[in-house]
Amino acid sequence: MAPDKMQSEAKEPGTKVSGSGRFIVGLTGGIGSGKSTVARLFDQLGVPAVDADVVAREVVAKGSPLLAKITEHFGPELLTAEHTLNRALLRQLIFTDPAAKQWLDSVMHPAIRTAMLSQLANLPSAPYVLLIAPLLLENNLHTLVNRVLVVDITEQNQLARTLSRDALSSGADAEQVKAIIASQIKRADRLALADDIIDNNADFTNTDITNANITSAGIEHESDAPTLQQQVKQLHQRYVTLAAQE
């Protein structure tokens, strides 16, 4: 069970530096934690958002200068027949070559950061906005936000949920998922850096989100835990209040 930070006090104004002049909540969590489901719940409440994964795809879109730079460095074999980035091949390459990952990070991260800040500044008017970033903490993007919101699950649940979600679509196996989990920030460290935590160890079938249901095999349950909707609604009200105080 994650530590209870649902009642954590607001940070003193100015303790986080936002590059957009807005009250920003950084939403993060490990692979398979349910970030996308939580993001959809905030979206249903009318909260605008920027998704770092979407931005990362946009900056290397077909014909982009960054895609050309990556292709020049690694070779044309990283392009698909449609001249788009072969993400599966690139992912395999950087997982087996630390130097390649370091170079890729050095060109990707600045481009993603610049694009995210631009998009955050141009989101519709709202009391607060979300920055959805799986690697929010690993890439020091938490320096851009006012609050860090972590979606937390156990490693056992990460493994079960990710295999259930990805096995058919990408052929992921347990060892691959474990390698991804190991490459991310440790759960204890992620929780220590959180301002707020959503406990998502209950079965997804407790939600009413379309297409959110998954198999419960191998998943730890907490039947008395608040639903995702309840947790998100509580946090939404808190963030509206905190944003008004800034």
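**View 1. R238 and its partner D196.** In this predicted model, R238 is buried (under 20% relative accessible area, with exposed meaning over 50% and partly exposed in between, for a 1.4 Å probe and protein chains only), its own relative accessible area being 17%. D196 forms a salt bridge with R238 (a side-chain nitrogen of Lys or Arg within 4 Å of a carboxyl oxygen of Asp or Glu), and the closest N and O atoms of this pair are 2.7 Å apart. The pair links distant parts of the chain, since D196 belongs to strand β5 and R238 to helix α9 (residues 228-245), 42 residues apart; helices (H or I, at least four residues) and strands (E, at least two) are DSSP runs numbered from the N terminus.

**View 2. The network around D196.** The side chains of R147 and D196 also meet in a salt bridge, at 3.0 Å from N to O. R147 lies in strand β4 (residues 147-152) and D196 in strand β5 (residues 196-199), so this pair ties together parts that are 49 residues apart in sequence. R147, D196 and R238 are thus linked in a network of salt bridges, in which D196 has a relative accessibility of 0%.

**View 3. A salt bridge within helix α5.** D105 and K101 form a salt bridge with closest N and O atoms 2.9 Å apart, and both lie in helix α5 (residues 98-121), 4 residues apart, about one turn of the helix. D105 is partly exposed at 22% relative accessibility, as is K101 at 39%.

Residues are numbered from 1 along each chain as its sequence is written. Local features need pLDDT of at least 70 and side-chain atom pairs count only at pLDDT 80 or more, whereas totals for chains, interfaces and linings use all residues, and side-chain values use heavy atoms, with hydrogens and water left out.
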